[in-house]
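Here's a quick walk through how the chains in this model meet each other. Have the viewer open and follow along.

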Number of protein chains: 4
Amino acid sequence: MIINVGIIGATGHTGEVLIELLLGHPNVKITRLYNSGKSGQGACVISDVFPKFKKRLDLVCIKPDWAQIKKDCDLVFLALPHTISMKFAPKLLSLGKRVVDLSADYRIKNPTIYEEFYKISHQDKANLKEAIYGLPELNRAKIKTAKLLANPGCYPTSAILGLAPLLAVNLVDTDSIIIDAKSGVSGAGKKLEKEYLFSEIQGDFRAYKVNVHQHSPEINQTLSKLAGKKISVVFVPHLLPIERGILATIYLKKAPGAKLKVGSVVELYKKFYKNEPFIRIKPDGIFPRIKDVVKTNFCDIGVKDFGKTIIVICAIDNLLKGASAQAVQNMNIMYKLPETAGLL
Amino acid sequence: MIINVGIIGATGHTGEVLIELLLGHPNVKITRLYNSGKSGQGACVISDVFPKFKKRLDLVCIKPDWAQIKKDCDLVFLALPHTISMKFAPKLLSLGKRVVDLSADYRIKNPTIYEEFYKISHQDKANLKEAIYGLPELNRAKIKTAKLLANPGCYPTSAILGLAPLLAVNLVDTDSIIIDAKSGVSGAGKKLEKEYLFSEIQGDFRAYKVNVHQHSPEINQTLSKLAGKKISVVFVPHLLPIERGILATIYLKKAPGAKLKVGSVVELYKKFYKNEPFIRIKPDGIFPRIKDVVKTNFCDIGVKDFGKTIIVICAIDNLLKGASAQAVQNMNIMYKLPETAGLL
Amino acid sequence: MIINVGIIGATGHTGEVLIELLLGHPNVKITRLYNSGKSGQGACVISDVFPKFKKRLDLVCIKPDWAQIKKDCDLVFLALPHTISMKFAPKLLSLGKRVVDLSADYRIKNPTIYEEFYKISHQDKANLKEAIYGLPELNRAKIKTAKLLANPGCYPTSAILGLAPLLAVNLVDTDSIIIDAKSGVSGAGKKLEKEYLFSEIQGDFRAYKVNVHQHSPEINQTLSKLAGKKISVVFVPHLLPIERGILATIYLKKAPGAKLKVGSVVELYKKFYKNEPFIRIKPDGIFPRIKDVVKTNFCDIGVKDFGKTIIVICAIDNLLKGASAQAVQNMNIMYKLPETAGLL
Amino acid sequence: MIINVGIIGATGHTGEVLIELLLGHPNVKITRLYNSGKSGQGACVISDVFPKFKKRLDLVCIKPDWAQIKKDCDLVFLALPHTISMKFAPKLLSLGKRVVDLSADYRIKNPTIYEEFYKISHQDKANLKEAIYGLPELNRAKIKTAKLLANPGCYPTSAILGLAPLLAVNLVDTDSIIIDAKSGVSGAGKKLEKEYLFSEIQGDFRAYKVNVHQHSPEINQTLSKLAGKKISVVFVPHLLPIERGILATIYLKKAPGAKLKVGSVVELYKKFYKNEPFIRIKPDGIFPRIKDVVKTNFCDIGVKDFGKTIIVICAIDNLLKGASAQAVQNMNIMYKLPETAGLL
């Protein structure tokens with residue numbers, strides 16, 4: 001089976017990584033590449049933008065062309081900045097295309113909260129309701145038939161996968177969750193801002209958007225659903241002087257009187273994720289590192305019970321399990337391909 | 001005034017940094033350099049070990065020589081690994097020398113806890129009792145007359161300076177303190193272990209000694225004294241792919257019913273540290289970064305009140321405010337020099 | 001078609017990279033992994049050595065076992081240190097196995113020169129004569145039927161590919177060649193030596209083995225053959241604070257009276273390499289960078305004619321085109337697979 | 001003695017480094033800071049621009065104010081981009097101030113060549129003639145009385161200091177000089193361009209301005225003067241993924257029939273530089289590294305005779321010996337201070 005794939009936003013960082021992955025996917029043909037349609041953007045050959053694609057993919061990248069898409073694409077990936085995807089998704093859906101959106105536009109169900117964090121009112125509330133949140137480990141059944149898939153954010157992927165097994169068994173004092181997350185610079189895409197210059201990042205480390213990051217509501221929405229009650233985490237992201245990878249260190253108190261039904265939290269995690277091809281649980285007392293997951297779709301998790309406190313550490317590649325590879329994993333599920341196709 | 005200074009452990013990483021600082025100090029003459037006295041170590045010229053000192057300091061470094069020390073040194077810095085310092089300090093004190101110990105040997109007052117964390121029973125309990133903990137911002141009066149000064153650890157310096165103002169006014173739920181600390185690699189000295197190879201560190205990030213680090217008891221001892229009750233923090237150190245710097249992100253809940261007497265936590269911190277030459281408090285909503293403190297003796301602190309939770313972020317250079325420069329600051333106090341001499 | 005592959009030296013750095021590549025190769029099954037047979041090495045699970053292989057390859061790695069190899073392997077890769085491969089190759093050949101040796105043991109045809117640079121007399125002169133030098137762009141015909149393939153060194157690959165088109169048309173003053181090469185740290189494998197610590201490499205840059213590197217004779221041997229006369233280059237390698245990649249800046253004078261028969265040196269290079277899937281020639285005035293070739297088998301080349309002097313700049317991934325991926329490319333040729341199989 | 005110093009261009013990268021140095025200089029008072037006077041630049045507190053100067057220097061930085069300068073400054077440093085300095089220098093000189101210009105505006109004596117490389121015709125030819133080239137090791141006598149000092153470029157400093165001893169004794173085939181130089185990113189200042197983003201630099205290495213860099217004429221001018229004949233070097237700069245430091249690898253052929261009068265080239269260099277406080281010659285067979293000179297004003301040189309070819313390797317900190325610290329060294333000479341004041 002071959003899926004004909006188009007990418008809108010192919011010249012951005014997420015687009016670049018997505019192309020890299022899809023070039024190695026046995027069931028995908030990249031048929032069309034488009035830019036974001038912003039005025040002033042001309043046509044370009046993708047391998048001129050990214051010379052590393054020379055001799056591998058020399059497609060032209062143009063403004064989105066609906067007639068072409070209609071004819072040449074089964075599925076369209078939106079590798080666009082937040083607030084832009086929702087301009088394209090409705091049209092693509094009306095053409096009968098399946099859509100995987102890598103932006104935040106269809107992740108947050110409550111448009112008021114979306115507006116609060118993304119500073120723009122939602123333009124496509126109808127489809128927002130129908131969009132499926134694409135975290136395979138929690139939502140696989142619905143992903144299979146998704147028309148519009150909202151691919152999760154990088155921080156939320158690490159935080160939610162790290163907490164789900166404990167929340168599922170009501171083991172957590174839900175007022176106590178602290179997520180101290182550290183991300184490589186690629187999380188910011190390739191924004192041309194002074195703070196992302198080599199001379200600013202190299203040798204430095206700092207927190208940013210302390211407890212006000214736009215991924216907080218996405219984390220809270222999913223955790224609340226899992227717990228069956230409103231959760232509001234403390235979430236502090238930090239900027240690492242590396243290109244790729246997130247490590248999230250998660251602290252929580254046990255709920256008063258909570259009891260484990262298996263021997264240890266490590267066993268709990270192993271059981272919860274036992275059929276998952278991309279989740280690896282570390283042995284007791286061992287915690288993950290970023291190096292082991294970089295350039296992979298794996299999420300490595302270490303967890304330890306310290307009595308009153310439990311500490312969970314999660315590592316993912318923010319551009320892969322936290323973005324483009326998870327999008328491919330979702331595509332695999334949507335098309336009933338082996339879930340690991342093109343990803344191992 | 002000129003202080004004649006000797007360094008034991010001059011060929012180690014802390015020694016190297018200490019030499020660098022003392023070469024620029026207007027009131028110091030480095031008279032003698034010694035290695036740690038381990039069998040097999042021969043005499044060497046310090047600028048052969050560290051070629052960057054060529055044309056600056058070409059002293060010979062030999063095994064400790066008590067007669068020489070007696071004659072040529074007023075003060076001796078011990079830049080030695082833990083468990084070695086306590087072999088040298090008693091002799092130096094008996095010669096009437098003042099001693100600044102950069103190891104952990106005289107920091108922890110309870111020898112049982114020392115033994116638990118450093119895996120050796122304490123060899124010098126007499127002097128342990130008399131040793132002064134050298135955190136100038138909290139202990140300046142005693143430092144002035146110290147004979148044996150225990151220079152604080154790097155993580156404890158950042159954690160304690162970050163928490164002291166809140167503990168001093170009983171604002172903290174003392175069961176809630178979480179310290180998520182991140183340190184550059186130089187914290188590990190220059191140990192020849194696989195995990196410190198460039199290929200292991202570059203592009204990586206990981207936690208280590210999760211909640212079992214040997215700096216925990218030092219942090220707990222000092223915070224407990226400040227709070228007037230037993231405190232046991234959650235402390236997770238991480239390894240950054242940079243050479244220098246610590247950033248500690250500290251989370252705590254307010255004590256029930258606690259009330260600030262000044263307008264904001266930022267004001268509280270500014271007041272608490274108002275005469276301190278090396279503490280800089282960030283404006284509300286701004287947090288420190290490692291770059292601003294690297295190669296300095298400053299401790300930059302940002303703090304914000306989020307209602308139930310307060311977040312404090314502290315940045316220091318682990319080799320300077322966290323080790324050698326703090327040792328020089330202590331020396332300045334001990335000799336009634338301007339506290340910033342050689343440090344600004 | 002499936003090739004059953006064994007790897008001897010699987011726990012080293014080259015072995016690790018080779019496994020990574022072969023896991024993604026559609027025509028390869030890794031059947032057996034062996035360590036180097038050094039006494040003291042026990043059996044281990046490869047994913048315990050490299051946790052990143054968990055859930056991907058959990059084979060046991062043991063001492064070389066000839067009966068097993070005879071039964072289970074078509075081809076054996078030797079991912080061993082120099083001087084060790086020549087102990088294993090004869091036995092493997094006698095079992096009728098094809099061998100790809102990634103060490104230097106079968107590259108240098110003159111055993112006297114081998115001994116001079118590798119400080120050991122050659123142990124297998126019989127097979128040395130028959131070994132095929134595996135640089136596909138120059139030697140494809142012979143590689144097809146190779147029994148014992150000597151996979152080229154990383155620096156030689158970049159230097160020879162950079163110079164071949166000019167030498168082939170006698171354009172070079174052969175006394176004038178200077179190769180100023182810069183390599184990432186992985187070129188040194190994962191040696192546990194002080195000079196490869198993060199604290200030594202990060203922020204540093206230096207030359208090493210200035211004009212005495214063991215890759216010089218390999219470069220000279222191949223260039224001399226191409227030119228039809230003895231060539232002795234000036235070769236200075238340097239150590240970059242990055243993990244992967246070589247950039248070689250090559251300077252040469254034109255031979256007196258030499259004339260180009262095509263319009264420009266860029267055209268010459270394009271023509272020379274026109275059917276090569278892994279060589280990319282930059283447009284005139286553009287030079288390659290390491291980023292574009294990292295994690296690929298490509299060799300990017302920029303060349304410019306400055307009148308008397310020609311400057312050529314070549315970039316490869318030292319672990320891929322400079323080692324493991326070139327070995328896979330050679331395997332593909334040996335088994336008449338598409339040359340790019342598993343590599344694009 | 002206290003020199004009252006003003007800096008024009010204080011908010012740039014060179015300005016920042018200069019301030020850092022001058023704060024530690026025992027004979028300097030920074031009295032005034034100015035921006036480059038570009039329209040749109042408002043007044044600012046320097047420690048708001050560079051938070052690391054908080055509690056150290058809180059001067060306001062405004063547009064250049066001639067009345068203020070007249071009153072408050074003995075010497076003015078111009079830490080300005082090329083082509084801007086020449087707008088300020090004439091006025092400062094007319095006010096009787098001594099000027100140290102860190103830009104390229106007064107380095108190249110031939111205005112035609114200046115225009116060719118800097119794309120603007122020279123605006124101040126009168127003072128250009130009088131400006132003194134501030135390389136202390138070659139030009140100390142003239143520096144003492146300089147009114148307008150042209151501080152050398154970073155690449156030229158490393159290249160010229162590396163070649164001077166050989167050129168002074170006519171040992172060099174002057175047509176053969178190749179300078180393969182590698183610089184940290186700070187050489188580009190803090191330009192906000194895509195190519196200087198962390199994600200572009202980290203893990204990369206590349207050449208740029210291959211044999212067309214604007215420092216070529218500065219190198220050629222000085223070397224030609226030393227040799228007494230026209231020299232035109234091959235010069236290829238490269239960009240290192242580090243912040244600070246230049247390492248220049250220099251290749252040259254000996255002049256036919258040239259004879260050394262001392263035992264070795266190493267001895268020649270030691271003799272040539274024997275009274276220089278900031279030049280360190282490595283023993284035979286040892287070459288310098290960037291780490292040893294970073295954050296210092298030293299130039300470390302290794303040189304080796306390979307028969308027909310001599311290889312010289314020079315290391316400096318591009319921001320210090322290659323810019324701001326050399327400017328301070330020049331100031332020390334101009335004011336008859338110890339040449340190392342504030343620099344060791």
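Across the interface of chain D and chain C, the rule picks out 6 salt bridges. Keep in mind that this is a predicted model. One of the bridges to look up joins the side chains of C:R289 and D:E200, with 3.2 Å from N to O. Beyond the charged pairs, there are 22 residue pairs in polar contact across the interface of chain D and chain C, both partners at pLDDT 80 or more.

Which parts of chain D supply at least two residues each to the side that touches chain C? On the strand side there are β9 (178–183), β10 (206–207), β11 (234–239), β12 (246–253) and β15 (309–316), and helix α9 (198–201) of chain D does it too. Sorted by class, that side of chain D has 18 nonpolar, 7 polar and 9 charged residues. In total, chain D puts 34 residues into the contact and chain C puts in 34 residues. About 2,900 Å² gets buried between chain D and chain C, and carbon and sulfur atoms give 63% of that.

How do chain D and chain C map onto each other? Turn chain D by 180 degrees, with 0.0 Å of shift along the axis, and it superposes on chain C at an RMSD of 0.0 Å. The same surface serves both copies, as 100% of the contact residues of chain D recur in chain C.

Now for chain B and chain A. A rotation of 180 degrees superposes chain B on chain A, with 0.0 Å of shift along its axis and an RMSD of 0.0 Å. The two copies are thus related as by a two-fold rotation axis. Of the interface residues of chain B, 100% are also interface residues in chain A, so the copies meet through the same surface.

The contact takes 34 residues from chain B and 34 residues from chain A, and the two chains bury about 2,900 Å² between them, 63% of it on carbon and sulfur atoms. The rule finds 6 salt bridges across the interface of chain B and chain A, along with 22 residue pairs in polar contact, both at pLDDT 80 or more. On chain B, the elements that each supply at least two residues of the side touching chain A are β9 (178–183), α9 (198–201), β10 (206–207), β11 (234–239), β12 (246–253) and β15 (309–316). That side of chain B has 18 nonpolar, 7 polar and 9 charged residues.

Here are some salt bridges to pull up by name.

| Residue 1 | Residue 2 | N to O distance |
|---|---|---|
| C:R289 | D:E200 | 3.2 Å |
| B:E200 | A:R289 | 3.2 Å |
| B:K182 | A:D180 | 3.1 Å |

Why does the B:E200 and A:R289 pair join two chains? B:E200 lies in helix α9 of chain B, while A:R289 lies in the loop between β13 and β14 of chain A, so the pair links the two. Over all chains, the salt bridge count comes to 88.

Last stop, the aromatics. A search of the whole structure turns up 28 aromatic pairs over all chains. Among them, A:F278 and A:F298 pair edge-to-face, at 5.7 Å centre to centre with 65 degrees between the planes. A:F278 lies in the loop between α11 (265–272) and β13 (279–281) of chain A, and A:F298 in the loop between β13 and β14 (299–305), so the pair ties together parts that are 20 residues apart in sequence.

Technical notes: Residues are numbered from 1 along each chain as its sequence is written. Chains are lettered from A and ligands numbered from 1 in the order in which they are written. This is a predicted model: local features need pLDDT of at least 70, side-chain atom pairs count only at pLDDT 80 or more; totals for chains, interfaces and linings use all residues. Side-chain values use heavy atoms; hydrogens and water are left out. Copies are superposed by least squares on the C-alpha atoms of residues with pLDDT of at least 70 in both. Contact means heavy atoms within 4.5 Å. Buried area is the accessible area (1.4 Å probe) that two parts lose on being put together, summed over both. A salt bridge is a side-chain nitrogen of Lys or Arg within 4 Å of a carboxyl oxygen of Asp or Glu. A polar contact is a pair of N or O atoms within 3.5 Å; within protein, one must be able to donate a hydrogen and the other to accept it, and residues adjacent in sequence count only if both atoms are side-chain atoms. Helices (H or I, at least four residues) and strands (E, at least two) are DSSP runs, numbered from the N terminus. Ala, Val, Leu, Ile, Met, Phe, Trp, Tyr, Cys and Pro count as nonpolar, Asp, Glu, Lys and Arg as charged, and the others, Gly among them, as polar. Rings of Phe, Tyr and Trp (its six-membered ring) pair if their centres lie within 6.5 Å; planes under 30 degrees apart count as stacked, over 60 as edge-to-face and the rest as tilted.
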